[in-house]
Amino acid sequence: MASRWGASAGELSATTAPAGLDLSCQASAAAVNAAYADITAFTAALAARVGVRATHVAEADTRYIANEADSANELAALASPANAV
């Protein structure tokens with residue numbers, strides 16, 4: 001899951017400005033550019049948040065796996081004397 005979130009954050013960061021907005025026949029070019037700037041800022045903030053969450057999920061996954069391994073080892077240690085009888 002963390003790797004998918006990291007990939008999504010990378011995709012959000014990879015957006016580029018559309019070409020051809022500065023044509024003289026396009027009266028709303030300034031409005032489109034302003035909207036694009038807002039979208040770019042939002043996308044960058046979203047990508048950063050998704051990236052942070054992906055990192056947290058990866059860390060939690062690592063802790064979970066370590067906890068499961070510790071639990072399995074403790075259980076094995078308890079079960080070993082019973083098997084030796």
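## Accessibility and Ser3

A residue counts as exposed when its relative accessible area is over 50%, and as buried when that value is under 20%, with partly exposed in between. Because its relative accessibility is 59%, Ser3 counts as exposed. The model discussed here is a predicted one.

Ser3 belongs to helix α1, which covers residues 2-13. In sequence, Ser3 and Ala54 are 51 residues apart, yet their C-alpha atoms lie 7.0 Å apart in space.

## Overall architecture

The protein chain contains two helices and zero strands. Helix α1 spans residues 2-13, and helix α2 spans residues 29-84.

Of the chain's 85 residues, 9% count as buried. The surface that the protein chain exposes amounts to about 6,500 Å². Carbon and sulfur atoms supply 63% of that exposed area.

## Arg53 in helix α2

Arg53 is located in helix α2. Its relative accessibility is 48%, so Arg53 counts as partly exposed; the value falls between the cut-offs of 20% and 50%.

Arg53 can also be described by its distance to Gly6. These two residues are separated by 47 residues in sequence, and their C-alpha atoms are 8.6 Å apart in space.

## Thr43 in helix α2

Thr43 is likewise placed in helix α2. Thr43 counts as buried because its relative accessibility is 9%, and the cut-off for a buried residue is under 20%.

The side chain of Thr43 reaches the backbone oxygen of Ile39 at a distance of 2.7 Å. This buried residue thus combines a position in helix α2 with a side-chain approach to the backbone of Ile39.

Methods: Residues are numbered from 1 along each chain as its sequence is written. This is a predicted model: local features need pLDDT of at least 70, side-chain atom pairs count only at pLDDT 80 or more; totals for chains, interfaces and linings use all residues. Side-chain values use heavy atoms; hydrogens and water are left out. Helices (H or I, at least four residues) and strands (E, at least two) are DSSP runs, numbered from the N terminus. Buried means under 20% relative accessible area, exposed over 50%, partly exposed in between (1.4 Å probe, protein chains only). A polar contact is a pair of N or O atoms within 3.5 Å; within protein, one must be able to donate a hydrogen and the other to accept it, and residues adjacent in sequence count only if both atoms are side-chain atoms. Accessible areas come from the Shrake-Rupley method with a 1.4 Å probe; for residues, only the protein chains shown count as cover.
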